[in-house]
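Let's take a walk through this protein, one piece at a time. Keep the 3D view open and turn it as you read.

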Amino acid sequence: MACLAGLWKGIETEPESEPETEPVIQCVRIHSLRSAGEVTELPFLKTEDASRSGSSWAVAAYPVIASAMRRMAVLVTDKYPPGLSARSESAMKVVAFNASPHKKGNTYHLLRAACDELEQEGIETEIVHIGGTRVNGCIACNRCFETRDKRCILDDDPVNEWMAKMFAADGILIGSPTYFADVSTETKALIDRAGYVSMANGGLLRRKAGAAVVAVRRAGAIHAYDTINHLFGISEMVTVGSTYWNIGVGLAPGDVDSDEEGIVTMENLGRNMAWLLKKLQE
Ligand SMILES: Cc1cc2nc3c(=O)[nH]c(=O)nc-3n(C[C@H](O)[C@H](O)[C@H](O)COP(=O)(O)O)c2cc1C
């Protein structure tokens with residue numbers, strides 16, 4: 001079992017019981033890690049979902065650990081498909097904030113497209129839904145400059161939890177819908193409070209990779225995009241670009257999937273962020 005455990009990198013959970021059979025390392029090509037997370041069939045991870053372009057490799061070993069696929073980007077074994085390295089790139093993590101009240105709206109779809117690419121590159125991602133949460137804005141009390149404990153004094157909302165995820169991540173995606181040509185309220189609260197706490201503590205966001213992702217029906221996305229990028233700039237972060245500004249066009253949840261250029265932009269963004277993170281890790 002120890003031997004098996006050693007094959008798994010980036011996964012905290014070990015099989016609860018000894019499998020009855022010898023381990024079988026099986027490589028499967030999965031077309032979407034999103035769909036991998038939905039696979040509940042045992043014994044081996046399988047998916048037929050080719051709904052999104054692109055694909056990725058993953059490796060399933062014991063059935064009992066197939067469920068761990070939900071939380072991982074790439075399982076690195078001693079038998080890995082072409083293109084995957086033996087090094088655990090899944091040690092790197094990108095946190096993506098969906099600041100739309102729609103849990104699976106356009107902002108989510110755009111983030112998902114970027115995260116799918118990151119995962120294919122072996123980088124763990126987490127999409128955190130923050131839209132629709134009651135949050136306080138910064139109250140300019142400056143207590144974070146006194147306490148310097150990496151936290152905001154306001155503790156009756158989850159912003160401290162979110163900023164802790166930012167400080168722990170290698171890369172950060174902040175996704176917002178366009179509201180009156182700017183970001184959503186939750187996005188702004190996160191920017192102001194995390195940005196201030198980062199500064200108060202000597203630059204907790206310094207040299208992390210960052211990218212803004214914006215959903216828009218028609219106009220104002222560039223302004224929202226700029227608002228998010230202002231956080232990255234003043235925080236000494238490295239911003240990641242794509243083949244267009246990171247914007248997707250759509251009105252109703254899911255409409256952005258019809259914005260082919262928007263989706264390709266997100267996919268390229270994900271690949272570029274993965275490239276950058278690997279360079280930064282070298
Ligand atoms: C309060 C509010 C303000 C909006 N303001 C704009 C706007 O300024 N420009 C625009 O093109 N769309 C605007 N929209 C539309 C959303 O940006 C658009 O539908 C977006 O795709 C929603 O993303 P979501 O599905 O992630 O929530 C607004 C929507 C709401 C609810």
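Right after α6 comes Gly-202, a residue with a positive phi near 85°. Keep in mind that this is a predicted model, and that everything below is computed from it.

**The helix before that glycine**

Now look back along α6 itself (185–200). How far apart are the end C-alpha atoms of α6? They are 22 Å apart, which agrees with the 22 Å that its 16 residues should span at 1.5 Å a residue.

Is α6 largely enclosed or not? Count the buried residues: 12 of the 16 are buried, so α6 is largely enclosed by the rest of the structure. Among them are Leu-190, Ile-191 and Val-197, along with Lys-188 and Arg-193. The buried residues of α6 pack against β3, α4 (143–147), α5, β5 and α7.

**A helix with two sides**

One of those partners, α5, is worth a closer look. Its buried residues include Val-159, Trp-162, Met-163 and Met-166. They cover an arc of only 95° around the axis, which puts them on the same side of α5. An α-helix has 3.6 residues a turn, so residues three or four places apart point the same way. On the other side of α5, Glu-161 and Ala-168 are exposed. What covers the buried residues of α5? The cover includes β3, β4 (124–129), β5 and α6.

**The bigger picture**

Let's zoom out. The protein has 8 helices and 8 strands, and 44% of its 282 residues count as buried. Of the contacts with a separation of 6 or more, 73% are between residues 24 or more positions apart.

In soluble globular proteins, nonpolar side chains tend to be buried together. Here, the largest nonpolar core has 57 residues. Those touching the most other members are Phe-97, Ala-114, Leu-173, Val-213, Val-214 and Met-273. The elements giving two or more residues to this core are β3 (93–98), α3, α5 (159–168), β5 (171–177), α6, β6, α7 (221–234) and α8 (260–281).

Pick Val-213 from that group. Leaving aside neighbours within four places in sequence, Val-213 is in contact with Thr-107, Leu-110, Leu-111, Ala-114, Leu-173, Gly-175, Asn-246 and Met-266.

**Around the ligand**

Which residues come nearest to the ligand? Of the 19 residues around it, those are Ser-100, Gly-105, Thr-107, Pro-177 and Arg-217. Two elements, α3 (106–120) and β6 (209–216), give two or more residues to this shell. By type, the shell divides into 9 nonpolar, 8 polar and 2 charged residues.

**A loop that meets a distant stretch of chain**

Finally, find the loop between β8 (247–249) and α8, where Pro-253 sits. Ala-252 is found in that loop too. Here is how each of them lies relative to Asn-106:

| Pair | Separation in sequence | C-alpha to C-alpha distance |
|---|---|---|
| Pro-253 and Asn-106 | 147 residues | 5.0 Å |
| Ala-252 and Asn-106 | 146 residues | 7.4 Å |

Leaving aside neighbours within four places in sequence, Pro-253 is in contact with His-102, Lys-104, Gly-105 and Asn-106.

Are these two loop residues buried or exposed? Pro-253 has 17 C-beta neighbours inside 10 Å, so it counts as partly exposed. Ala-252 has 10 C-beta neighbours inside 10 Å, so Ala-252 counts as exposed.

Notes
Residues numbered from 1 in each chain as written. Predicted model: local features only at pLDDT ≥ 70, side-chain atom pairs only at ≥ 80, totals over all residues. Near = placed C-beta within 6 Å. Helix = DSSP H or I, 4+ residues; strand = E, 2+ residues; numbered from the N terminus. Nonpolar A, V, L, I, M, F, W, Y, C, P; charged D, E, K, R; others polar. Core = buried A, V, L, I, M, F, W, Y, C linked by C-beta atoms within 7 Å. Buried ≥ 20, exposed ≤ 12 C-beta atoms within 10 Å, placed from the backbone. Contact = placed C-beta atoms within 7 Å. Expected span 1.5 Å × (residues − 1). Arc of directions from axis to C-beta.
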